[in-house]
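Work through the exercises below with the sequence and the structure side by side, and try each task before reading its solution.

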Amino acid sequence: MPPKTKTPSDVDAARSAAILGRPLTLPCGVTLPNRLVKAAMSELLADTRNRATAAHQTLYRAWAKDGPGLMLTGNVQIDRQHMEHAGNVVIQGKQNADQLTALRAWSTAAKRKARKFGCNSHTPAARLKGGSTTRLRRHPRCR
Ligand SMILES: Cc1cc2nc3c(=O)[nH]c(=O)nc-3n(C[C@H](O)[C@H](O)[C@H](O)COP(=O)(O)O)c2cc1C
């Protein structure tokens with residue numbers, strides 16, 4: 001059988017794959033090892049007290065398997081009075097030992113293969129503007 005010649009779309013796909021595999025330095029100074037990002041998606045997996053659960057760990061461990069450069073959490077609310085959706089995690093005020101343990105376990109599961117774990121913290125002000133804020137450096141609880 002004659003060797004298969006590469007079509008233009010094969011070449012484009014190879015180029016795109018090469019670009020996705022390159023590191024990317026963000027304006028905040030964090031360098032991602034590649035350009036694959038798991039988008040923010042509300043998980044609705046928190047417990048009745050809006051703490052992260054084992055289900056977050058399972059989900060993010062699976063998503064991290066192929067080594068995305070960055071994983072963004074779904075909405076993490078900082079004000080319980082202004083939830084985006086019931087079942088999302090809330091980090092409001094000083095966290096007790098149980099809350100911190102749950103957040104660390106979530107972050108650890110995500111970072112097993114993914115290099116950076118960004119907390120998609122959602123403020124009421126951001127909701128009014130129709131957006132949300134993701135902090136890679138400034139949210140110590142989620143790094
Ligand atoms: C089921 C679902 C849940 C989502 N949850 C969040 C969320 O929690 N926070 C957020 O900022 N964006 C959320 N989004 C928006 C996605 O992150 C966004 O659609 C994704 O980044 C794709 O971007 P694009 O619309 O520019 O293609 C959600 C989208 C979907 C489909």
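The exercises go from the whole chain to its strands, then to the ligand shell and the loop beside it.

**Exercise 1. Find out how confident the prediction is along the chain, and where the pLDDT is below 50.**

Step one is to keep in mind that this is a predicted model. The mean pLDDT of the chain is 82, and 82% of its residues reach 70 or more. Step two is to look at residues 136-143, where the pLDDT is below 50, although in the model this stretch has 19 contacts beyond near neighbours in sequence.

**Exercise 2. Describe the overall make-up of the chain, including its order of helices and strands.**

Begin with the elements: the chain holds four helices and seven strands, and along the sequence they follow the pattern α-β-β-β-α-β-β-α-β-α-β. Then turn to burial and contacts: of the 143 residues, 24% count as buried, while residues 24 or more positions apart account for 65% of the contacts that have a separation of 6 or more.

**Exercise 3. Work out which strands pair with strand 4, and in what sense.**

Take strand 3 to start with: strand 3 and strand 4 pair in the parallel sense over two bridges, and Lys 38 has Met 71 of strand 4 as its bridge partner. Between these two strands the chain passes through helix 2, in a β-α-β crossover that is right-handed. Next comes strand 5 (residues 89-90), which also pairs with strand 4 in the parallel sense over two bridges; here Gln 77 is partnered by Val 90 in strand 5.

Is strand 4 enclosed by the rest of the structure, or exposed? Seven of the eight residues of strand 4 (residues 70-77) are buried, so this strand is largely enclosed by the rest of the structure.

**Exercise 4. Characterise the residues around the ligand, and follow Ser 42 outward from there.**

Eight residues surround the ligand, and the closest are Ala 39, Ala 40, Met 41, Ser 42 and Gly 74. By type, the shell divides into three nonpolar residues, five polar residues and no charged ones.

Now locate Ser 42, which lies in the loop between strand 3 (37-38) and helix 2 (54-64). Not counting residues up to four places away in sequence, Ser 42 touches Gly 74, Asn 75, Glu 84, His 85 and Asn 88. The C-alpha atoms of Ser 42 and Val 89 are separated by 9.3 Å, although the two residues are 47 apart along the chain.

Why does Ser 42 count as partly exposed? Ser 42 has 16 other C-beta atoms within 10 Å, and a residue would need 20 or more to be buried, or 12 or fewer to be exposed.

**Exercise 5. Compare phi, place and exposure for Leu 44 and Asn 50.**

As background, most residues other than glycine have a negative phi. Phi of Leu 44, however, is near 55°, a positive value, and phi of Asn 50 is near 60°, likewise positive.

For their place, Leu 44 is in the loop between strand 3 and helix 2, and Asn 50 is in the loop between strand 3 and helix 2 as well. For exposure, Leu 44 is partly exposed, with 14 other C-beta atoms within 10 Å, and Asn 50 counts as partly exposed with 18 C-beta neighbours inside 10 Å.

Finally, consider what Leu 44 meets: leaving out residues up to four places away in sequence, Leu 44 touches His 85, Gly 87 and Asn 88. Its C-alpha atom is separated by 8.5 Å from that of Gly 74, 30 residues apart along the chain.

Note on methods. Residues numbered from 1 in each chain as written. Predicted model: local features only at pLDDT ≥ 70, side-chain atom pairs only at ≥ 80, totals over all residues. pLDDT = per-residue confidence, 0-100. Contact = placed C-beta atoms within 7 Å. Near = placed C-beta within 6 Å. Nonpolar A, V, L, I, M, F, W, Y, C, P; charged D, E, K, R; others polar. Pairing = 2+ DSSP bridges. Right-handed = clockwise from strand over helix to strand, strands pointing away.
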